[in-house]
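Work through the exercises below with the model open beside you. Try each task before you read its solution.

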Amino acid sequence: SSSNDPGSCRPAMPKVKRPVCVIVRDGWGVNDNPRGNAVAAANLPNINGYKAKYPWLLLEASGESVGLPPGFQGSSEVGHLNMGAGRIVVQELKRIDDSMRDGSLWSLEQWVTFVNGWKNTSGARLHLFGLLQDEGVHAHQDHLFKIMREARRVHPKGEIVVHPFLDGRDTPPQSCLEYLAQLKLVLEEVGNARMGTMMGRYYGMDRSLSWNLTDQAYMCLVRAEGRCVEDPVKAVQESYVNEKTGDGQPMYDEYIVPHVIGDYDGIKEHDFIMHTNFRQDRAYQLTRAFVDETYPGHLENRPKITYLAFTRYYDELQNYLISPMSKGSAMQNILGEVLGREGFRQLRIAETQKFRHVTSFFNGKSTSPFPGEDQVDVPTRFDPALFAVHPEMEAYNVTTAVLKRLEDNPYDFILINFANTDMVGHTGKFDAAKKAAEIVDECVGKIVGRMMELDGHVLLTADHGNADQMIDYRTNMVKTSHTTFPVDCIYIARGGETVKLRPGTGVLGDIAPTVLDLLGVPIPVEMTCTSLLAHQ
């Protein structure tokens, strides 16, 4: 689907003679160690050929270089935010950490109203759900634990019910027992606090519009429908032994079915609920189940509750704690905005799994396109549980759609995301990830070929690593999470062999000023990162 008609009263001609195309190979880092490295093992005639012929350099894609605390892995959200902003964007993880450390979070009006509302509503329970892990992708368990302690301080007698979503995707595949053990300690410390349900993130955090999964998560939380168990730890251990994932592999935390713990009896009228994920894309569907009258799934008699989101998961959402980055001046003059104002035509295209990344996240989390920006969502056909069986995902369909739109190219700027090495990397299946890299290489070759015919510029890069390290070098276990390795950025163009890039390593935020540089547009002062081109 395209959000605005390419033919609508704008000239079909691009503004510049030489269009710029940024291709993001999602989850494709540069790791010098060949062990467990699906990218290094792959046969990549096109990309290896470009690296031999054209200038390239490394970009840092994790930690402080992308606005995260030191040592934290990058992510697709973080990567696209930085690339589109042209500056190091201080991420919500860091903003929340800082505001919890100095206590300013607890004096925000939305928090005070929420927690006092709970305190002053007789018999109301406080339900907290979100991803339980310490990698800081989507959520961080320290935030949950601090929310539990602060809620207890304000309301010493109220009951707190925690509903963890198990990870195994941004964390090792079977690692939730250590996180559950830490949660148990905090439940005991806080007192009058318990686990109500638990489920893999596949159910609680779907983002592929599989509303049946979101329905299942909701029914477990609200109506206590799910597998009933007394001991969550024993339930996880039994799931590891007895169950398989959708593609017949050993059970990972991500796919553990919804469980109801002990005598938990659901969410009641007038209860208070907080979603503890700070990242938007996987909190959107479940939040709509609780607050949106037009929710597309199938639910009856939804209880009247008070709901607080950690951040603004979508534009229409009213009750959220932390204001989005787009409020205020931190995200003025980002790439999409500058191009729109200058009258350039833009194409943003990806399959559904990464559509919000090339649109909303690249646009500083704004959900409406800038003037002259066409957004194309190529539907993902496969269940995420089956990506290892279908490492091609929608790469061929994305490529076909791009080439069709470039037949008589109206665009000045084109942004494409290939999801394969990230999504298949998350399955932990080495051979499938290697195949995914080879398919991306083939597709990139076709798009670069067309861009050369158009005498365009291509920046071939990535947002973070994943498939470049699929074995944990310490434990020798399968690694499904992102890596902290840098990514490469290759400049490809007619005559590009003689172009000089600046020395040293860049950061993802350098992409936006480089695009403006190539288009001949002045770089605004708000873009504090710098062009990758060496200016003689």
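**Exercise 1. Find which element gives the largest share of the lining of the second largest pocket.**

Step 1. This is a predicted model. Start with the volume: the second largest pocket holds about 360 Å³ of space.

Step 2. Look at its lining. There are 17 lining residues, and Arg207, Leu209, Tyr284, Phe355 and Arg356 are the closest to the centre.

Step 3. Ask which elements give two or more residues to this lining. They are α11 (284–291) and α13 (352–361).

Step 4. Pick the main contributor. Helix α13 supplies five residues, the largest share.

Step 5. Sort the lining by class. It has four nonpolar, five polar and eight charged residues.

**Exercise 2. Decide whether α13 is largely enclosed or not, and state what covers its buried residues.**

Step 1. Apply the cut-off: a residue is buried if its relative accessible area is under 20%.

Step 2. Count. Nine of the 10 residues of α13 are buried, so the helix is largely enclosed by the rest of the structure.

Step 3. Name some of them. The buried residues include Thr352, Lys354, Phe355, His357 and Phe361.

Step 4. Find the cover. It includes the helices α3 (76–85) and α15 (420–423). It also includes the strands β12 (346–351), β13 (373–378) and β14 (413–418).

**Exercise 3. Classify the ring pair of Tyr284 and Tyr314.**

Step 1. Recall what you need. A pair of aromatic rings is described by the distance of the centres and the angle of the planes.

Step 2. The model has 13 aromatic pairs. For Tyr284 and Tyr314, the ring centres are 5.2 Å apart and the planes stand at 85°.

Step 3. Compare with the cut-off: planes over 60 degrees apart count as edge-to-face. The angle is 85°, so this pair is edge-to-face.

Step 4. Place both rings in the chain. Tyr284 sits in helix α11, and Tyr314 sits in the loop between β10 (306–311) and β11 (320–322). They are 30 residues apart, so the pair links distant parts of the chain.

Step 5. Check exposure. Tyr284 is partly exposed, at 22% relative accessible area, whereas Tyr314 is buried, at 9%.

**Exercise 4. Describe the surroundings of His457.**

Step 1. Locate it. His457 belongs to strand β15 (residues 457–461).

Step 2. Buried or exposed? With a relative accessible area of 6%, His457 is buried.

Step 3. List contacts, leaving out residues up to four places away in sequence. Among them are Arg18, Pro19, Val20, Cys21, Tyr491 and Leu518.

Step 4. Take one contact and compare two distances. His457 and Arg18 are 439 residues apart in sequence, and their C-alpha atoms are 6.8 Å apart in space.

**Exercise 5. Describe the largest pocket and the largest cavity by volume and lining.**

Step 1. Take the pocket. The largest pocket has about 560 Å³ of space. Its lining has 27 residues, and Thr171, Pro172, Pro173, Asp472 and Val478 lie nearest the centre.

Step 2. Sort that lining. Eight residues are nonpolar, 12 are polar and seven are charged.

Step 3. Turn to the cavities. There are five of 30 Å³ or more, and the largest has about 110 Å³ of space.

Step 4. Look at its walls. The largest cavity is lined by 14 residues, with Asp247, Tyr252, Tyr255, Ala385 and Thr427 nearest the centre. By class, six are nonpolar, four polar and four charged.

Key:
Residues numbered from 1 in each chain as written. Predicted model: local features only at pLDDT ≥ 70, side-chain atom pairs only at ≥ 80, totals over all residues. Heavy atoms only, no water. Helix = DSSP H or I, 4+ residues; strand = E, 2+ residues; numbered from the N terminus. Buried < 20%, exposed > 50% of the residue type's maximum accessible area, 1.4 Å probe, protein only. Contact = heavy atoms within 4.5 Å. 1 Å grid on protein atoms, 1.4 Å probe; cavity = no way out; pocket = protein on both sides within 12 Å on 5 of 7 lines; lining within 4 Å. Points joined across faces, edges and corners; volume = space filled by probe spheres on them. Nonpolar A, V, L, I, M, F, W, Y, C, P; charged D, E, K, R; others polar. Phe/Tyr/Trp six-rings, centres within 6.5 Å; stacked < 30°, edge-to-face > 60°.
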